[in-house]
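Let's take a walk through this one, a stop at a time. Have the model open and turn it as you read.

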Amino acid sequence: MKTSAWYKTIIYALLVLFSIYFLFPFIWIVLTALKTETEVYQYPVVFFPTEWKFSNFVHAWNAQPFGKYLLNSVTITVLTTIGQIISCSMIAYGFSRYEFKFKNALFILLLATMMIPWDVTMIPLYMQFNMFGWINTLKPLIIPAFFGSAYYVFLLRQFLMGVPKELEHAAKIDGASDFQTYSRIFVPIMKAPLTLIAVLNMLGVWNDYLGPLIFLQDRSKYTLALGLAAFKGVHELQILPIMSITILMIIPPVIAFFFAQKYIVEGISGAIK
């Protein structure tokens, strides 16, 4: 066998070993959620369940109104993702393609907001949203997304800086307006970084615990993350329900990442360039 073939074999073997290492906790959670109550506490430990109890998921899901929590989480995730994509793409387009006074200063000011921890703005935000009458509604978790995020704007701006100016000139010659140039030419070009932003926003919003905890009071408005925390408090010593609900909660992000990983890599590499 040639040296290059040995090298590839070793690399692939190492990749398989590392994959198993990182996937093992997830596999263990899934197998534990499918065990019986006796097998969970059995010693020595039983790795594979002797009886596959898929009913554990149904019982755990029905223990609390997780259907309502799921609807709230999906609503917040979808609307915030739409808001981030629209606002961040338009802001990044303006910073990358237009020339105006204090452009660089405003962009630096925008980036400076990333250095302010959310914990510092938490109390002022609560007071502001309370003044608007938004507390105990989903509005504080959705509406701010329509004003953009500095990090996402930076990613899109870096990507658009590498797009040739000739595209805009050709669009103007064809009679396209500024909005038509943005929506019909640049939005399709930004498909990869916009997908990256959508996945990153989904992961952040889907797993967000502190935001819903601060702004929501009524249990009917809880998200899955907040509902799962409350569920753990009630079933602190019951492993099966906690494992089952945890599995159900992490499935959507895993699916989103699996189907969008190609665009995630393209979006990151494009932004770096």
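On one side of helix α3, His59 and Asn62 are exposed, meaning over 50% relative accessible area, where buried is under 20% and partly exposed is in between (1.4 Å probe, protein chains only). Helices here are DSSP runs of H or I with at least four residues, numbered from the N terminus. Before going on, keep in mind that this is a predicted model, where local features need pLDDT of at least 70, side-chain atom pairs count only at pLDDT 80 or more, and totals for chains, interfaces and linings use all residues. Residues are numbered from 1 along each chain as its sequence is written, and side-chain values use heavy atoms, with hydrogens and water left out.

Now flip α3 (residues 55-62) over: its buried residues are Asn56, Phe57 and Ala60. Looking down the α3 axis, these fall within an arc of 100°, so they line one face of the helix. That arc is taken from the directions from the helix axis to the C-beta atoms.

Next, find Thr36, in the loop between α1 (3-33) and α2 (37-40). Thr36 is buried, at 18% relative accessible area. Leaving out residues up to four places away in sequence, Thr36 touches Glu51, Lys53 and Leu240, where contact means heavy atoms within 4.5 Å.

Last stop: α4 (residues 66-97) and α8 (residues 150-160), which pack at about 45° with their axes 8 Å apart. The axes are lines fitted to C-alpha atoms over the stretch in contact, and angles run from 0 to 180 degrees between N-to-C directions. On the α8 side, the contact is made by Tyr152, Val153, Leu156, Arg157 and Leu160, while α4 brings residues including Gln84, Cys88 and Phe95.

Terms used. Helix = DSSP H or I, 4+ residues; strand = E, 2+ residues; numbered from the N terminus.
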